[in-house]
Amino acid sequence: MVNKKAFGRLKGREAMVFGIIVAMVILFSFLSPTFRTYPTLVSVLDNSYYITLMVLGVTFPLITGGVDLSIGTGLVSYALIGGYLIVHQNMPVGVGILACVGMGVLIGILNGILVAVMDLPPFLATLCTCMITRGLGPALCGGFGVSWPSALSEAGQFRYIFKFISGNGTVVPIGIVLMLALVLIMSFVLEHTRVGRYTIAIGSNKEATKLAGVNVKFYHILAYVISGLFAGLAGVAYAATYATIYPGSGAGFELDAIGGAIVGGVSASGGVGTIVGAFLGVIVICLMKVGLPFIGLQANWQQIFTGIVLIAAVLIDVIKKRK
Amino acid sequence: MEKIKQNALVKKVGFNRIVLVCVMLLMYLAFGGLTGGSFFGLSRITNTLNYAYFLGFLSLGVTFVIATGGIDFSIGPVMFCCALVSGYSMITYGVPMVLSLIMSVLIGVLFGVFNGYLVAYWKVPPFIVSMASMNIAKGIAAVFTKTQSVSWPQSATSDGWYRNFVSMNGFPVGLIVFLAVAVVCAIVLNQTKWGRYILCLGSNEEAVRLSGVNVKKWKMLAYVICGTLVGIASIYYVAAFTTVQPGYGDQYNNEAIAGCVMGGTSMAGGLASISGTVIGVFIISLLQQGILALGFTKEYQYIITGLIVIAAVYSDVSARRRKN
Amino acid sequence: MGDIILTMKDIDKSFPGVHALDHVNLEIRKGEVLALMGENGAGKSTLMKVLTGIYKKDSGVITYEGKEVEFKNTREAQDAGIIIVHQELNMLGHLSVAQNLFIGREFKKGIRIDDKKMNEEAKKLFDRLNVDIDPAETMANLTVGKQQMCEIAKAVSFDAKVIIFDEPSAALTESEIEEMFKIIRDLKKRDIAMVYISHRMDEIKVITDRVTVMRDGTYVGTLITKESTKEDIINMMVGRVIYEDPKTQSAVPKNAPVVLKVEHLKAGKMVQDVSFELRKGEILGFSGLMGAGRTETARALFGADPKESGNIYVNGTKVVINSPQDAVKYGIGYLSEDRKRYGIVVQKTVAENTTMASMKNFMNGIFINKKKEKNVAQKYVEALATKTPDVDQLVVNLSGGNQQKVVIAKWLTRDCDILIFDEPTRGIDVGAKNEIYKLMNRLVAEGKSIIMISSEMTEILRMSDRIVVMCEGKKTGELDISEAKQENIMNLATREIE
């Protein structure tokens, strides 16, 4: 009963994406017996945390009618810097996490200023910060890979936030609880606070919003700061999930998040979108990522599919508008 | 200053271009000085040129797209996709060298058609198309090569003749070809109907449409030209460096766009300069080599190129704002 | 009638080349609806923009509630209680009605926006105004009429003392207008002063108390609505001496061949079943007020916008025109009212613009024959007396009249026999206007045919051989020049809706 009510709340696009998720799970389970196992579920979830965090943030610039391409290389770079402080500078893990998130916020501010104040096209401005962050991490940390403390050590306890491993080896993916909580919180921010309201208003009609006396610049920058903040959090999740962070990786991560958001109904031209939709869209991408190898396709097929799905999602909107 | 600007010769060559050339020369001298003269050595010059060729083709290609007011930042990964797929076909399936080279260009053209069709006929925002193409190119390359890097034949082997495209017995064939292609691009852009319509629709698409011109066709053409040049760029990449790895190529997007925008092509469309792009490409290549020569890693290249694009685009944006 | 709340005295405003407002006076009283009338370009909107701080006046005094005021922007005017309800709506389509009403001043409960309370407040407001709109509905889903109601409700919620309606009924249906009038009557009772800009004579008679008429940027006079007739108002609007000789007789022979025939053209609300014929060597004037659907008719005919149905015959042959490409193929050229957006590529040269529509005649193999291009452009520069240093000049540097000549040159180069001139002299100074007129007369003498859309009565009477009058997307009449007078044209253009 409760389920039905929750499902009833999903509107058009979200319900459709939810249907796709169910269909994918059934398809994969049917084709591959190993897919139906608990470790696979954990693996899907492990792979989804950093992407989910990215999408929670990047949905905001997307709704303003912009985009943030810097989150992918950004999160790797922030995780590198955080890890470097912990491993090579012997700082507490807390400081590393703070540095990771703080860097994200800083780059978010930079993006916001470039777009909202200096008026650069968002895709170009963030393409540049994408390259800058890609260089920044290795440049500051000497270009070596970094491993955050392992879960076995005391300093590595932070990894339990995402995946709890009990004494007898039982794995509990509690990260999903955290993700759902964040989805609810950001959904609230987008739909029930000024920040969200003005984000949508800017994407809908920036001039009219300005005429209504809203400090458009501030809220426009804020959208990118939120994106940066969550890229920082995604960096922490990435560091917690994967053993080692390699410099130079991260290019293309942003596409999983942005693609997911657009699949989930966030409009590439701004003004439209929900956090729940974006979250569901990301799950589609993550399922492809993890699921395709189970049905005998190489993992990289996921990239091709993501590209095609992205175009298809936008084309659906274009065709709808024509009618 | 005004006097110099009004000088007939300066006007003819273009003040901005003269400034750019001066910047390039100064940079060259500065790097030479900072490295104690070693930057003037032949190997650095060769490296710079090798870098400038493939980057130059990318930059020329994207100049056409930006002239329409669009953008394509899938060019780097698409270039790698061309080189990987055709190279892997050659090495694994024994496709002859000539066919592989043709295949490289064709793959570029295909991506150009795909991008152009979606942007022009379906009005999908160019940045979305770029993102999708980038992913698809990387995915295809990785799937096709099973994520293995591909090494094209070395000069000594029987198939190594393709490396002569870059240099033959020390003679910089690449430079000649690159400049020749640039001249062709300049002619296409300024002397033919293609270029005329591309520039005009970048400036005011609706007015051109109402003049009875098939704007969709010409807009798509710009992306196809870009794709073709990206295919050629892939040949020059392997001819210079032989080895290609799947999953990379993003950085060249920025460098190519940087060369283009620095050369005076406006991001708003309608205004493009091939000679500016050529100079811009040499500046970027010099910079990349200079950074390495000074002992910095490639990470600094990323950062500095990023900053340069921001600066170049900002000056373009603020110049337009002043005009209005 | 109530006390005076606002006066504007001796307001003067010039733009480069145009004296938009010439010592205009206006007086608004509490609880009245003042109609502001005049032909297009009479200065009504400019005056209201000066009032609400969008434009800065050159001289004159605005007194509001006994104090002299000068608002720097709409925000200041709004805070003082003067609110303009725009023709083009300032709405956020993706947000709900209530969210739109309270944007920038949301009710909050902690950090949470209290949407429930906003909906309730909006509901209260709508109830008070007696309109039936669901505050939770998404703005973009409302009809234009309902959106207009929301704008009015928003104005009311700001505690407005003066509300300016800028052609509020342009996009509304009959019943929606009726609903709006109910609100206006209700607002009157609350002593709110209103300015109502409209072209619709029937509405003016129904809803307004007084009518102030403007003409050519000057104040003509004010009438009490009840005591005046439609003819009185029209006379004041058009009562200018026509110093340019009007045509009295058409020079086109009765049996001249029909070059263009349009039958039952339909394209949305603005083009409803329009039919007409154009003869060789004729200037066919299209008259009507703003929003009559003339430009839309031209664009649909030209293939610039999609059409629903209708037959087009060129020289007696039925043709299919689905895009401007098709139209140009059949020798139809269109000169848009908005040159900068639809006519020319301003960042390109005179020569490049001249050959835009006929590139293939200037090709030398794959190369553009720039010499020929320049020669032809030069030829037209001379023929049309375009003032430009040379043909390599960027069009952006030319004056409006000369830009227009470049567009004409573009179509002449393409050898178009049917030319649609949409407001050919808008924003062009008097001397250049005359040149354009002479040019048009020369073109028809050479056997071209012209459709001329114009909102200037003098232009219509001076140039046309026949006149088609449109009103609200329908053709309401067709007059031969010999029987056409300002009064009967205006009558057709403001015809009351059956």
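How many residues does the contact take from chain B and from chain A? In this predicted model, the count comes to 38 residues from chain B and 39 residues from chain A. On the chain B side of that contact, four helices turn up with two or more residues apiece: helix 6 (97–122), helix 7 (126–145), helix 11 (250–262) and helix 13 (298–323) of chain B. Sorted by class, the side of chain B that touches chain A holds 24 nonpolar residues, along with ten polar and four charged ones.

Chain B also meets chain C. Here 17 residues from chain B and 23 residues from chain C take part. Helix 9 (residues 193–209) of chain B does the most on the chain B side, putting in nine residues. The class split on the side of chain B that touches chain C is five nonpolar, eight polar and four charged residues.

Next, the interior. The largest nonpolar core runs to 369 residues, and the ones with the most contacts inside it are M54(A), L75(A), L58(B), M79(B), Y236(B) and M194(C). Helix 10 (residues 215–241) of chain B supplies the largest share of this core, at 19 residues. As for M79(B), once its neighbours within four places in sequence are set aside, its contacts are L58(B), V230(B), A233(B), S234(B), Y237(B), G249(B) and Y252(B).

Chain A, taken alone, is built from 13 helices and two strands. Its C-alpha trace spans about 60 × 50 × 35 Å along the principal axes. The radius of gyration of chain A is 19 Å, which agrees with the value near 20 Å that a compact globule of 323 residues would have. Of those 323 residues in chain A, 56% are buried. Contacts within chain A also reach along the sequence: among those between residues at least 6 apart, 75% join residues at least 24 apart.

Chain C brings a sheet into the picture. Six of its strands make an open sheet with mixed pairing, in the order 18-21-22-15-23-24. Strand 18 (332–335) and strand 24 (474–480) of chain C sit at the edges; each has a single partner strand, so one side of each is left without a neighbour in the sheet. From one strand to the next, the twist averages 20°. Within the sheet, strand 15 (residues 283–287) and strand 23 (residues 466–471) of chain C run parallel and are joined by four bridges. S287(C), for instance, has V469(C) in strand 23 of chain C as its bridge partner.

Definitions and conventions:
Residues are numbered from 1 along each chain as its sequence is written. Chains are lettered from A and ligands numbered from 1 in the order in which they are written. This is a predicted model: local features need pLDDT of at least 70, side-chain atom pairs count only at pLDDT 80 or more; totals for chains, interfaces and linings use all residues. Two residues are in contact if their C-beta atoms, placed from the backbone, lie within 7 Å. Ala, Val, Leu, Ile, Met, Phe, Trp, Tyr, Cys and Pro count as nonpolar, Asp, Glu, Lys and Arg as charged, and the others, Gly among them, as polar. Two strands pair if DSSP finds at least two bridges between them. Axes are lines fitted to C-alpha atoms, for helices over the stretch in contact, and angles run from 0 to 180 degrees between N-to-C directions. A nonpolar core is a set of buried Ala, Val, Leu, Ile, Met, Phe, Trp, Tyr and Cys residues joined through C-beta atoms within 7 Å. A residue is buried if 20 or more other C-beta atoms lie within 10 Å of its own, exposed if 12 or fewer, and partly exposed in between; C-beta atoms are placed from the backbone. The radius of gyration is taken over C-alpha atoms; the globule rule is 2.2 Å times the number of residues to the power 0.38.
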